[in-house]
Each structure stands twice: as C-alpha cells, then as structure tokens.
Amino acid sequence: MKISVNRLKDFIHFEESPEEIAALLTGSGLEVEGIEVFESIQGGLEGVVIGEVLTCERHPNADKLSLTTVDIGDQVVPIVCGAPNVAKGQKVVVAKEGCTLYPISGEPFEIKKAKIRGEVSQGMICAEDEIGIGESHAGIMVLDTDLPNGTPASAYFEVVSASVLEIGLTPNRADAASHLGVARDLKALLKRDICLPSVEDFKVDHQARPISVEVENPADCPRYAGLTISNVKVGPSPAWLQNYLKALDLDPINNIVDITNFILHDLGQPLHAFDADKISGGKIIVKKLLKDSPFVTLDEKERKLSGEELMICDQEGGLCIAGIFGGKGSGVSDNTSSIFLESACFSPDVIRKGSQFHGLKTDASFRFERGTDPNMPVYALKRAAMLIKEIAGGEISSEIVDLYPEPVQDRIIEVSYAHINRLIGKVLPKAQIKEILEGLEINYVEESETHIKVAVKPYRVDVEREADVIEEILRIYGFDNVELSENLQSDYLAEHPAKDLNKLQYRLSELLTGLGYYEMITNSLTKPNYAEQSGFLNPANNVEIYNKLSEDLGVMRQSLIFSGLEVLSHNINRRQKDLKFFEFGTVYSKEGDAYREGRKLALFLTGEKTAESWVSPSKAVVFSDLYSVVEVILDKLNIDQVQVEILHDRPFDYALKLTLGQKELGRIGLIREDTGKLAEVKQEVLFAELDWDLLSKKAKGLKKYGEISKFPEVRRDLSLVIDKAINFDQIKKVALKAGGKLLQRIGVFDVYQGDKIDAGKKAYALSFYLQDSEQTLTDKVIDRTMDRLIQSFENEVGAFIRK
C-alpha cells in the first residue's frame, strides 16, 4: 500500500522527515518497506533553469545552427542551438552543463560541455519533448514570464516531488488502508490532532433526479447511501489529482472515476459512479442474482455468477458486482452527463466469496473484505460530491439516500490494569494509558481503581477483546521502550529437533561427490616445519606431541592445507594431475595455556577442468570453478548474507575472504607457488578452507525444493559502468535489496575494461531474472522494479547505466 507523505500532511501537521515518519510507523506495526520519490516530471527538471537569450548569431560553420549567449542567472554561457525559432530577447528553458534530461522518447542523456563545429557550447536550450513535458519538437520553448533568470524550471512548471511510503499492511489493519487511517496512527504517535476536510458547505441544489434504493438483505449490505449529480462534464482531471494518483501507481481515467479513487485512498471508503441514464426504472436494488446468470464486467469479459455474490441491480438486471467490479453497461463514459454516486458498507464475507470466485482483486474488494467503517459512507459521499461539483461541474440533484436500518454501535470492552501491566511487562502510568487510548480514538466509558471500560469505534475491526486493547497501548507506547528483564525466559509449544550434524556432513559429501570431488581423510599429525616456513601459520601455536613417532609427525595441524597438498603431491607424482578433493577435518592450536580445536571443510582443485578430446580442447581450472562450488554449498545449507572481501595474504596469491556477520567463514584462492613447493606440489592449486563449525551452526537446514512456478520468468539486462574497486558482491547486495522478492537471480554475461570507458572504470553486463510465484508480471511492475534497481545502483554504488 502506497501513502503520499505530502497528502498525510493535509490530515496532520508534522515537520519530521519521511525517514523519521517511516521509523515511527514501523515501530507501531505499520511496517514501511520502502520510500520512493515521485516526480510529476521525471528527473524533477533538476539542473534546468529559466534563461534569457542575450545574443543570437548565425554559426560561422553551419547554416542551420545559431551561436547564442544566454543569461542563466549566475553566469552568461555560450550555447550552440539548432532550433529555427531561437532569437535575441527570448525567455527560454536551459539545461545547464552537468544535468541529465529525460526526454519523452529515447534514453536519458547528460548535458556536457562540447565543441559543435568548432564553437563551444555549455548547455542546451530545450524543446518540450527534450525535458519530458510535451510531444513538440518543432522548436525551443519560448516562455512568457517575468521570473528572474536562473529560476529553476521546476518552479515555473510547478513540478511535484513527493515521498511515497510503501507500507506492508497486515490483514488485520483494514483501518489503516488509507491516508486517514495512517494519519490516525500518527495522531497517537505524535500527540497531534488530525484535520478532516469540511463538508459543511454540502447542499442539495434540487431534487429533479431522485433514484430510490432497495436492499433485499441488510445482513449483506448493512448500509447503502447514494445521490445523483446532473449536468456533469466528464473529462481529464486537474494536474493535482492526476499527480496524486500517479504517486500511488494509479492511472488517471477521467475526473469522475479519479475522484472516486481519490476518496478510496484518502478515506478508505470505496465509491462507485454509475451513469444515471443507464439505471432502468430509476431504482437501485441490492440483491443476489440466480446462479449462472451472465454478467459483462468493465474488462469486457462475460462472467457466470455463482449466485452468492452481491449485485447492484436495476429493474432489468445487474449493473455491478457489489464492492468488487463495475459492469460494462453502466459505467461512466465521455458521454455521461448525470451520475448516481454509491457509497456503501458491504459484508466482508460476501465480498470475499465473490472476489475469490471470480478471481478479481480490486482496491475496493481489498478494503470491503477486511471491513470498512460503517460510519464513513455519508461523509465520503458528501466529500466526493463537492469535489465533483468543483472539478466536473453539475448540480446535486437528489437528497442523499441512506439506508442504515441497524446502526453499528461502538464495542464496549473491559480492561484490567493488572492485565495491561502483566502483558506489556511494565507498569505504565494510568494517565499515559488514557492518553494513548484517546489518541487512538478509543475513549473511556467508565474507570475504577482496577479496571477501565472503553468504547472502540466500528472502523477498528481488529480490536475485539481485552488483549487487543492492550496490544494497541503497547504498539503506541513502543516495543523498544519495554526493558528486557534479567530473568527473561522463553519456551516453545513444540520441541524443535536438534540439527543432525552428521546428516548435514553426509548430504554435503553427496553433493560434492556429485560435482566430481573425491573425499580424503588425512592424518592430523604433520611436520613442524610447515608452520615455521609457511609465513602464515604461527609456530608458537603448534600443539606438540610428547611421545613423537617421528619428527615429521611432531605436531598437530593448524590447517588442512598441507595435509591436502601432500595428497595432491602423491597423486601428481603418479601422473594424476587433474584433481578434485574435499575433506572434513579437525585443526588444532595452542594459545597460551589453552588448547583449541575446530572442524574445517577443505576443497582442493587443480589441473584441467575437462580432459582433452576431439569434442573440445582441454581447459585449465580457474578461480570461478572453485568459488561456484562454495556458492552451491552455501545455497544447499540455506546460508545467505555472506560478505566478500578481496585478499592478497599468504598462503594465497589472491583470494576472497568470506564473513558471516562479524565472524570469518573461510577463504578461497590460488595457493602461492612457494607454499605449494613446501609439499612438493609444482602446479597451480586452488584451495578453500571453510569453518565447518560456523557453517553447521548457521545452516538453516538443507534446502528444500518446491513446485516450479507456472508463471513465466522475465529477463532484463543492464550494463553498469562502475569504479574498479567495486566488486560483484556489492552489486549483488544492492540488487537483492532493491529487487525484493521478485528478483530470483542475477547473472553476469560480460565484464569489460578498456579504452572505450573512462580510466579507473569497468563495465558489468548483468541479467536480472524476475518472477512472481502468484501471478504473471505486467510490464508496469517489471519497469517499476528495473527503475528501482537502476536508482539503487546509481545512488549506492555510483553506477552509470549504459543505454
């Protein structure tokens, strides 16, 4: 659910930043999953200003170009312009050097200082399409304005920039599915009043177009309100309304429909507008139709009714699936002149069944099936009617019809102070409890020394019992404000089986064997001179054997590297040079008077990846061959969030260090030549040593596999130019964070460093695979995800996206 911070400020005053508001809401249970910036013109016209053409002469080397000097406020710059209508004295739109333009068509481009036919140009005088505000490219824009030179173009064009919160709304918080609902939480958190738009000026102009209403079963529709508005003019919405909807990822349709969507997201009350001329008999009937009755919805699909969904009907048949989707024959069109505006409260059970039966999930059904405020329909109706008169004209041509036979009363709940203190784990002052509840519009009805009775308004469908009220107190007070007791304990209703470390090791052995690796088991005793000559092991940490069988087996090994290299040497000396080995083994060390031991997993890779044959030439193993095996191990154990750091420490020529949190998980790299020679190995060896104790502790169990999604996977490619110092792991972290659950995997299909890009830079060609397990991805969702990825790459790793 998207919430505009600008619109929130219309309900409640605050000066806190969007990040601070997001933290407050997240702490209270409305988790803000992200903050996006909406701009009514892409790029916000940053770096684009109003300028004045001081001089304009023909370019000496090109007949169709002009040399101009332009006053842009803080300086006068030379600009070569190709527009035929440029002239001295004009007020124009100027893109300054260094800014990026987002044209209507084509890719964004940066304005750079250039020489055009031998003349310097430091900027660009722009046409409509070049700054993304129109389609015209006939010439530059000439402005009629008295604004001073250097004024940002965003001020002239009234560019709207708004922070938008993406809230992961839990199913129980139907009350918060609107700007008003979020503002109510902020009211309690910030201890400030909220302000609802006034409807005091609402009045009926005449009663020439009454439409009567009948509800056959009030249990299905507890409240139904409506009125007619005549002589409306259907057309595009004003810019402010279109920008409001676009910020919430909604497409403007026309002023009438846009206003109903505005009210839905503003107040949480779905509305529906019918073409009044298409309501047969001048009467609305809310009822269920017979099973298998055909009905054509707005998407022009004929659907067979289940007989259980609620329908809005006239005397001839269905007009709309109540609370879910409109009908094709009764909707508002460009030719509509009179409308009937519906505002109702429907049974959540009925709406949920209808929505599931037809596979229709709409913004209206989302709210109705969770429960809407039965006291909101008339206020929302008045607010919408006033907006329609203001934007689309017309007259309110009937009294409000309001069928509400059994008004929903506030729930009275008794709460014990002792239970509040017990469940929260802290004694809160009674005055503070009262302040929190009243801030949430949960008012005291009765109070004693030990108990209170409170009245909960119907829109809080999730607050039904004492524990719910206490939860409301706690989430506003703040979970982080409850100190943890020194004696805090926890328990489980069911026992969690202990990890079977032998099973983990066995399964990994199976995995590695399947990848062509052979398991080896080597002696824990080794030569003392390995530590003395290695340059990376400390001889003082050797665990010495008192009763040595020989000097060659005088100490316990500190690493699996040399015992493994000895096995490699044995095989290589027997002309077996293409080797893949792994070992689970124990290492030992002495620190002061303390002895330590730990389990390690070692991998060795050397020789040729594939044997020479007529099918393909031989190919030596490379670092990525071993690293990919480590990635498979981590994936099998469900271990993620591993950090990677480049190393050039012994015993490696080059290596990567893997860390998990603050602990080192292992190292992977190419063993130095002098280290290999200590064990008489003279060919290149790739080696990885992983902390098996840490791996088995952090493993989330063996990876389980599910059914392949029936929805298609989508691939999108990007080419990023980044600093050489930035590695793929950093890029991957940014991508996974920005791509969310839709991003399934990332691939690299090209890396370039050369004279075609700037010095100190490299280019990655990446493929991104997107998939939703519940539905087919639309172009809009894919584009939004890729835009988010691009913005994150630009902001977090300073990437330039090659178009």
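Asn231 sits in the loop between strand E15 (223-230) and helix H5 (239-247), where helices (H or I, at least four residues) and strands (E, at least two) are DSSP runs numbered from the N terminus. Although Asn231 is not a glycine, its phi is positive, at about 60 degrees. The model is a predicted one, in which local features need pLDDT of at least 70 and side-chain atom pairs count only at pLDDT 80 or more, while totals for chains, interfaces and linings use all residues. Residues are numbered from 1 along each chain as its sequence is written, and side-chain values use heavy atoms, with hydrogens and water left out.

Helix H5, which follows this loop, has Leu241, Asn243, Tyr244, Leu245 and Ala247 among its buried residues; buried means under 20% relative accessible area, exposed over 50%, and partly exposed in between, with a 1.4 Å probe and protein chains only. An α-helix has 3.6 residues a turn, so residues three or four places apart point the same way. Just after H5, Asp249 takes a positive phi of about 65 degrees. Another positive phi, of about 60 degrees, is found at Lys191, again not a glycine. Lys191 lies in the loop between helix H4 (179-190) and E14, and with a relative accessible area of 59% Lys191 is exposed.

Strand E14 leads on to an open sheet of five strands, with mixed pairing and the order E14-E17-E20-E21-E22. The edges are held by strand E14 (212-215) and strand E22 (325-326), each with a single partner strand, so one side of each is left without a neighbour in the sheet. Strands count as paired if DSSP finds at least two bridges between them. Strand E21 (residues 318-321) and E22 run antiparallel and are joined by two bridges, with Ile321 standing opposite Phe325 in E22.

A well-covered strand is found further along, in E40 (residues 685-691), where seven of its seven residues are buried. Val685, Phe687, Glu689 and Asp691 point one way from E40, and Leu686, Ala688 and Leu690 point the other way. The strand has antiparallel pairings with E34 and with E39. Strand E34 (residues 594-606) is joined to E40 by seven bridges, and Phe604 has Phe687 as its bridge partner in E40. Strand E39 (residues 663-671) pairs with E40 over five bridges, and here Leu670 is matched with Leu686.

A cis peptide bond runs from Arg650 to Pro651, with omega near 5 degrees. Pro651 belongs to the loop between strand E37 (642-647) and strand E38 (652-660).

Two further residues show how parts of the chain come together or lie apart. Val415, in strand E26 (residues 411-416), counts as buried at 1% relative accessibility. Contact here means heavy atoms within 4.5 Å. Leaving aside neighbours within four places in sequence, Val415 is in contact with Ile420, Thr450, His451, Ile452, Glu466, Val469 and Ile470. Its C-alpha atom is separated by 9.6 Å from that of Glu447, 32 residues apart along the chain. Leu702 lies in the loop between helix H18 (692-698) and strand E41 (714-723). With neighbours within four places again set aside, Leu702 is in contact with Lys503, Leu504, Arg507, Lys636, Leu637 and Asn638. Between the C-alpha atoms of Leu702 and Gly393, 309 residues apart along the chain, the separation is 65 Å.

Turning to the whole chain, there are 20 helices and 44 strands. The radius of gyration, taken over C-alpha atoms, is 35 Å, well over the 28 Å that the globule rule gives for 803 residues, so the chain is more spread out than a compact globule. That rule is 2.2 Å times the number of residues to the power 0.38. Along its principal axes the C-alpha trace spans about 110 × 90 × 60 Å. Buried residues make up 48% of the 803 residues. Of the contacts between residues at least 6 apart in sequence, 70% join residues at least 24 apart.
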